[in-house]
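Open the structure in your viewer and keep the selection tool at hand. The tour moves from the whole chain to single residues.

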Amino acid sequence: MVVEITAENAGRRLDKFLFAYFNNVPHSFIYKMLRKKRIKLNGGRAMGNELLQAGDELRFYLSPETIESSRKPRIFDPAPPLTDIIFEDENLLVVNKPAGLPSQGGMKERPARADHLLARILYYLQEKGGRFEDFTPAICNRLDVNTSGLVICGKTLHALQTINAAFANREVDKEYTAIVHGVMGSPGDSKTLEGFYHKDPHSNIATIFDEIACVPKGGATGTLAITSYTVLATAKDYTLLSVKPITGRSHQIRAHLASIGHPLAGDKKYGGKPTPYAPAQLLHCRRMEAADLPYAASWEAPLPQGLQKCLREWFV
């Protein structure tokens, strides 16, 4: 059997492609077939670490029965409807995630929870006729369970790799709307916070330290966290902020604001007090922009109703 590599899989490692193509066998089977030269690349021996190019030819010296049993169709379980789609084309799907919904499965604190944003996305795409033979769409950024706002899904391998690289290289401009305890200045005041990040793997709580020498060992330790904010409005005991995380650490905004004595309203884990407007923290990823990329675009997600009500009642 011969498979020709298309442009969609150009740049992909051969073993990663084979894991997706033969998705019903253990990885050890793939490496065994490579060692036995049952899988060849462009007529020669394949090791598995080669980067594929469009037009490359893979030849499988396997029986039709083995090939058939090594592959299974990806069929996703029914999921609740995907709502609040902000943007969709053949490459990307951008969704306004509601608070209370995990971005994806596999969370330690919710091992049995099957409903999450990625499950809804995959079922939605499947119902639209999507076929997932060699690639499964995936989300490019994650939000905490109780943070609402923009999440980007790569519908193709190239789009996923491109957007993931943009996030890693800080080429995606992200803006959050946040409400914190206390007054942080006058409207228009801006500041950039820097500190050394640590997240305890047991408590799942992040802490920002001023000096790297103070950072405990273990967990995600010692990485720099940078967060900038601008004051939009103030109330008696609260401040409305526009927040831009320059780095992308887990719980970064929550931990950084708590570290300066202004935890997010509603964020009990980081010292915030409950509010009647949301199940937890008043934090929403409102805008993202990826400039100078093949998928250059700007997306905005409207504020959830609870946060809108809070603005009307607190910041009039």
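The stops below say what to select and what is found there.

**The whole chain**

Begin with everything shown, and keep in mind that this is a predicted model. The C-alpha trace spans about 75 × 45 × 40 Å along its principal axes. Coloured by secondary structure, the chain shows seven helices and 15 strands. Of its 316 residues, 47% are buried. The chain exposes about 15,900 Å², and 50% of that comes from carbon and sulfur atoms. Among contacts between residues at least 6 apart in sequence, 64% join residues at least 24 apart.

Now select the charged side chains. There are 39 positive and 33 negative ones, and the centres of the two sets lie 7 Å apart.

**A four-stranded sheet**

Next select residues 2–4, which are strand 1, and 44–45, which are strand 3. Add residues 39–41, strand 2, and residues 57–60, strand 4. Together these four strands form an open sheet in the order 1-4-2-3, with antiparallel pairing. Strands 1 and 3 stand at the edges with a single partner strand each, so one side of each has no neighbour in the sheet.

Zoom in on strand 4. Three bridges pair strand 4 with strand 1 in the antiparallel sense. Two places to look for this pairing are Val-3, which stands opposite Leu-58, and Glu-4, whose bridge partner is Glu-57. Strand 4 is also joined to strand 2 by three bridges, again antiparallel. Here Lys-40 stands opposite Arg-59.

Show the side chains of strand 4. Which residues are on its covered face, and which on its uncovered one? Leu-58 and Phe-60 are on the covered face, while Glu-57 and Arg-59 are on the uncovered face. In a regular strand, side chains alternate between the two faces of the sheet.

**The helix across the sheet**

Select residues 14–21. This is helix 1, which lies across strands 1, 2 and 4 and runs at about 55° to strand 4. How many of its eight residues are buried? Seven are, and the helix is mostly covered. The buried residues are Leu-14, Asp-15, Phe-17, Leu-18, Phe-19, Ala-20 and Tyr-21. To see what covers them, add helix 2, residues 27–35, to the selection; the cover includes this helix as well as strands 1, 2 and 4.

**Two residues with positive phi**

Most residues other than glycine have a negative phi. The next two stops have a positive one.

Select Lys-37, in the loop between helix 2 and strand 2. Lys-37 is not a glycine, yet its phi is positive, about 60°. Lys-37 is partly exposed, with a relative accessible area of 42%.

Then go to Asp-84, in the loop between helix 3 (64–70) and strand 5 (85–88). The phi of Asp-84 is near 60°, also a positive value in a residue other than glycine. Asp-84 is partly exposed as well, at a relative accessible area of 39%.

**A loop residue and its contacts**

For the last stop, select Asn-146, in the loop between strand 7 (138–139) and strand 8 (148–154). Is Asn-146 buried or partly exposed? Its relative accessible area is 23%, and Asn-146 is therefore partly exposed, since buried means under 20%.

Now add Gly-100 to the selection. Asn-146 and Gly-100 are 46 residues apart in sequence, but their C-alpha atoms are 4.7 Å apart in space. Leaving out residues up to four places away in sequence, Asn-146 touches Ala-99, Gly-100, Pro-279, Ala-280 and Gln-281.

Definitions and conventions. Residues numbered from 1 in each chain as written. Predicted model: local features only at pLDDT ≥ 70, side-chain atom pairs only at ≥ 80, totals over all residues. Heavy atoms only, no water. Pairing = 2+ DSSP bridges. Contact = heavy atoms within 4.5 Å. Axes fitted to C-alpha atoms, helices over the stretch in contact; angles between N-to-C directions. Buried < 20%, exposed > 50% of the residue type's maximum accessible area, 1.4 Å probe, protein only. Areas by Shrake-Rupley, 256 points an atom, 1.4 Å probe, with all protein chains shown as cover. Lys, Arg positive; Asp, Glu negative; His and termini not counted. Charge placed at Lys NZ, Arg CZ, Asp CG, Glu CD.
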